Amino acid sequence: MFKKRDRNEVRVIRHERVRKKISGTPDKPRLCVYRSLNHIYAQIIDDSVGNTLVACSTVEKDVASQLEGLDKKGQSKLVGKLIAQRAKDKGIENIVFDRGGYVYTGRVAELAAGAREGGLNF
């Protein structure tokens with residue numbers, strides 16, 4: 001009998017397929033996105049040494065205070081702007097966007113738009 005895979009399993013397979021082609025370097029680190037039901041997480045990673053250079057999410061206390069009155073898409077855009085600001089402070093301007101196997105729409109697209117508005121190039 002045919003067994004249907006759950007959505008997260010399909011997403012992980014898609015993410016692994018994309019990660020074969022995308023890698024962060026010291027010149028162009030990778031902006032990785034993880035989306036849960038209620039929160040969104042973003043981190044900028046240098047894959048050559050495996051270090052997280054910058055991270056931001058909606059669960060951080062200083063970020064959570066700014067989220068009041070925003071819907072999930074608005075929260076994602078704010079996280080994108082904040083991670084761009086933190087990256088600029090560390091001297092990072094060019095990145096590779098890793099959508100984490102998610103479809104590039106909704107909250108993922110808003111995070112990318114916020115990062116672009118914040119000054120990141122990808």
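Me: Buried means under 20% relative accessible area. With that in mind, why is C32 called buried in this predicted model?

Reply: C32 has a relative accessibility of 14%. The cut-off for buried is under 20%, so C32 counts as buried. This residue lies in strand β1, and its C-alpha atom is separated by 7.3 Å from that of I45, which is 13 residues apart from C32 along the chain.

Me: And what makes P29 buried, and where does P29 lie?

Reply: P29 has a relative accessible area of 1%. Set against the cut-off of under 20%, that value makes P29 buried. P29 belongs to the loop between α1 (7-19) and β1. Between the C-alpha atoms of P29 and I44 there are 6.2 Å, although the two residues are 15 residues apart along the chain.

Me: Is H39 buried or partly exposed, and how do you know?

Reply: H39 counts as partly exposed, because its relative accessibility is 29% and that class runs between 20% and 50%. H39 is placed in the loop between β1 and β2. The C-alpha atom of H39 and that of S57 are 7.3 Å apart, with 18 residues separating the pair along the chain.

Me: Good. Now for the charged residues: what makes R35 partly exposed, and which patch does R35 belong to?

Reply: R35 has 31% relative accessibility. This lies between the cut-offs of 20% and 50%, so R35 counts as partly exposed. R35 sits in strand β1 (residues 30-35). On the surface, it gathers with K4, R7 and K72 in a patch of positive charge. A patch residue needs over 30% relative accessible area, and the 31% of R35 satisfies that.

Me: How do you know that E117 and K81 form a salt bridge?

Reply: The pair has an N to O distance of 3.3 Å. A salt bridge needs a side-chain nitrogen of Lys or Arg within 4 Å of a carboxyl oxygen of Asp or Glu, so the contact between E117 and K81 qualifies. Since E117 lies in helix α4 and K81 in helix α3, the bridge ties together parts that are 36 residues apart in sequence. Both partners are partly exposed: E117 at 49% and K81 at 36%.

Me: Why does the pair of E93 and K88 count too?

Reply: The closest N and O atoms of E93 and K88 are 4.0 Å apart, and the cut-off is within 4 Å, so this pair is a salt bridge as well. E93 has a relative accessible area of 43% and is partly exposed; K88 is partly exposed at 36%.

Me: How many salt bridges are there in the whole structure, and which residues do shared partners join into a network?

Reply: A search finds 10 salt bridges. R19, R30, D47 and D98 are joined into one network. Another of the pairs is R5 with E9, at 3.7 Å from N to O.

Me: Last, which elements supply the largest nonpolar core?

Reply: That core has 24 residues, and L31, I44, I83, F97, L111 and L120 have the most contacts inside it. At least two residues each come from β1, β2 (40-46), β3 (51-57), α3 (72-89) and α4 (107-117). The largest share, six residues, is supplied by α3.

Definitions and conventions: Residues are numbered from 1 along each chain as its sequence is written. This is a predicted model: local features need pLDDT of at least 70, side-chain atom pairs count only at pLDDT 80 or more; totals for chains, interfaces and linings use all residues. Side-chain values use heavy atoms; hydrogens and water are left out. Patches are made of residues with over 30% relative accessible area and no salt bridge: like charges are joined within 9 Å, nonpolar side chains (Val, Leu, Ile, Met, Phe, Trp, Tyr) within 5 Å. Accessible areas come from the Shrake-Rupley method with a 1.4 Å probe; for residues, only the protein chains shown count as cover. Lys and Arg count as positive and Asp and Glu as negative; His and the chain ends are not counted. The place of a charge is taken as NZ of Lys, CZ of Arg, CG of Asp or CD of Glu. Helices (H or I, at least four residues) and strands (E, at least two) are DSSP runs, numbered from the N terminus. Buried means under 20% relative accessible area, exposed over 50%, partly exposed in between (1.4 Å probe, protein chains only). A nonpolar core is a set of buried Ala, Val, Leu, Ile, Met, Phe, Trp, Tyr and Cys residues joined through side-chain atoms within 4.5 Å.
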